[in-house]
Each structure stands twice: as C-alpha cells, then as structure tokens.
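Below are my notes on this model, set out as numbered points. Please read them with the structure open beside the text.

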Amino acid sequence: MKVLVSVASKHGATTEIAAAIATELSAAGHQPVVVHPEDVHELDGVGAVVLGSAVYAGHWLKPARQLAERLESQLTGQPVWLFSSGPLGDPPMPDGNALDVTAIESQTHACEHRVFSGRLDRSTLGFGEKALVRALRAPEGDFRDWDEIRRWAVSIAAQVSNIPVARTSRPEE
Ligand SMILES: Cc1cc2nc3c(=O)[nH]c(=O)nc-3n(C[C@H](O)[C@H](O)[C@H](O)COP(=O)(O)O)c2cc1C
C-alpha cells in the first residue's frame with residue numbers, strides 16, 4: 001500500500017526519523033512516499049499517512065500544522081499516525097504534556113500520536129536558538145531511540161497490511 005510519510009524538520013533529526021520509518025514500511029512490502037509537507041496537495045492513491053514534526057517552543061512546525069489544516073477533509077477517513085520529535089535528555093524533558101497537538105489530532109482523527117526523543121546539536125543552531133537552549137539548559141546530544149522508532153514503524157506496517165485496499169475500478173459484472 002502507498003503510505004505518505006511527511007515531516008517538518010528544522011535541523012534534520014526528524015527527517016532522519018521519517019527515513020527510518022519509510023525503510024521499515026518498505027521492508028514490510030509497502031510503498032512509502034516521503035514528501036515535504038509543503039509539497040503535499042492531495043492524497044490520491046494514498047492508503048495511509050504518517051505525519052510528523054520537530055517540536056519548537058511546544059508546537060509543531062508550521063508546514064506540518066498547515067498540512068493537517070489544508071488537507072483536513074481528505075485526511076478524514078484515512079488512517080493517520082502522528083509523531084513528534086522533541087524531548088531531550090535522560091529522562092527526556094519536557095514531557096509530552098508540554099506539547100500542543102490538540103488541533104492536529106482532531107483535524108487528522110489520528111489513530112495514535114507518539115512522542116520521540118530528539119537531537120540537539122548546538123553547532124547547527126542560529127544565534128536566537130542558541131540563546132534559548134542556553135536559557136532552558138537543554139542538554140545537547142542525540143537522544144533518538146532507533147529501536148523504539150523502528151518498532152513503531154513495524155507496528156504501523158502491520159496495521160496498514162490489514163487495511164482493505166481501496167477499489168479504484170468497478171468489479172467485473
Ligand atoms: C530553540 C529550540 C526550542 C526547542 N523547543 C522544544 C520544545 O518546546 N519541546 C520539545 O520537546 N523539544 C524542543 N526542542 C528540541 C527539538 O524539538 C529537538 O531537538 C528535535 O529533535 C529537533 O528536530 P529537527 O532537527 O528535525 O529540527 C527545541 C530545540 C530548540 C533548538
């Protein structure tokens with residue numbers, strides 16, 4: 001089945017999570033299509049959607065939020081999985097309660113929303129971001145749990161396998 005994987009990322013950590021998810025979907029026999037949220041205008045031929053974003057100041061990035069808003073009517077009736085890439089450190093901070101995805105969950109009627117730990121590499125940050133992470137004392141490092149991410153992707157692949165394929169032509173009479 002064709003699965004749209006679309007994520008918003010500022011510094012690449014979330015894009016790499018999307019690639020790992022696509023790899024697992026592909027290994028399970030599906031056809032993942034990885035597209036930037038800005039470039040998704042319709043869901044023709046798509047049987048399921050994985051939508052994700054990095055979290056900045058408690059919110060998803062605009063391109064992913066706008067995708068959910070723009071395609072709300074098409075996403076209704078599609079199986080949709082959401083993920084956020086954000087918390088840093090061990091234990092991961094902030095916890096999921098500090099993240100506002102209520103609107104996106106209701107626009108997409110998502111089956112599930114997962115929060116994955118993220119990555120912070122100070123050398124890639126701009127001046128304002130550096131000042132903010134210094135003030136917040138956000139720990140630097142790559143906290144992504146690849147086993148957890150792959151397990152989630154495998155579980156999505158299994159659920160997608162059980163979704164009946166939409167009929168595109170009328171059956172022979
Ligand atoms: C300026 C700044 C603000 C951040 N704010 C949050 C936040 O509010 N909540 C959170 O969970 N993570 C926050 N993070 C962590 C990022 O979401 C995390 O590093 C993420 O993996 C980055 O993904 P990206 O490389 O795809 O942009 C912040 C990081 C930076 C640099």
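1. Which residue of S2 does Leu 4 stand opposite? The partner is Val 33, and one should keep in mind here, as throughout these notes, that the model is predicted. The chain passes from S1 to S2 by way of helix H1, which spans residues 13-27, and the β-α-β crossover formed in this way is right-handed. The pairing of S1 with S2, a strand of residues 31-34, is parallel and rests on four bridges.

2. Strand S1, residues 2-8, also pairs with S3 (residues 48-56), again in the parallel sense, and here six bridges join the two strands. Within this pairing, Val 5 has Val 50 of S3 as its bridge partner. As for burial, six of the seven residues of S1 are buried, so the strand is largely enclosed by the rest of the structure.

3. Helix H2, which covers residues 62-70, has Ala 64, Leu 67 and Ala 68 as its buried residues. Viewed down the helix axis, these residues fall within an arc of 95 degrees, and they therefore line one face of H2. The elements against which the buried residues of H2 pack are strands S1, S3 and S4 (59-60), together with helices H3 (72-75) and H4 (102-108).

4. Val 34 deserves a separate comment. This residue lies in strand S2, and is it buried, partly exposed or exposed? Because it has 16 C-beta neighbours inside 10 Å, Val 34 counts as partly exposed, the threshold for a buried residue being 20 or more. When neighbours within four places in sequence are left aside, its contacts are Val 5, Ala 18, Ala 19 and Ala 22. Thr 15, which is 19 residues away from Val 34 in sequence, lies at a C-alpha to C-alpha distance of 9.4 Å from it.

5. Turning to the ligand, there are 23 residues around it, and those that come nearest are Ser 9, Thr 14, Ala 54, Gly 86 and Gly 118. Two or more residues of this shell are given by each of H1, S3, strand S7 (119-120) and helix H5 (127-136). By character, the residues of the shell comprise twelve nonpolar, eight polar and three charged ones.

6. When checking these points against the coordinates, I would suggest taking the strand pairings together: S1 pairs in parallel with S2 over four bridges and in parallel with S3 over six. The ligand shell can then be read alongside them, since S3 is among the elements that give two or more residues to it.

Conventions
Residues numbered from 1 in each chain as written. Predicted model: local features only at pLDDT ≥ 70, side-chain atom pairs only at ≥ 80, totals over all residues. Buried ≥ 20, exposed ≤ 12 C-beta atoms within 10 Å, placed from the backbone. Pairing = 2+ DSSP bridges. Right-handed = clockwise from strand over helix to strand, strands pointing away. Arc of directions from axis to C-beta. Contact = placed C-beta atoms within 7 Å. Near = placed C-beta within 6 Å. Nonpolar A, V, L, I, M, F, W, Y, C, P; charged D, E, K, R; others polar.
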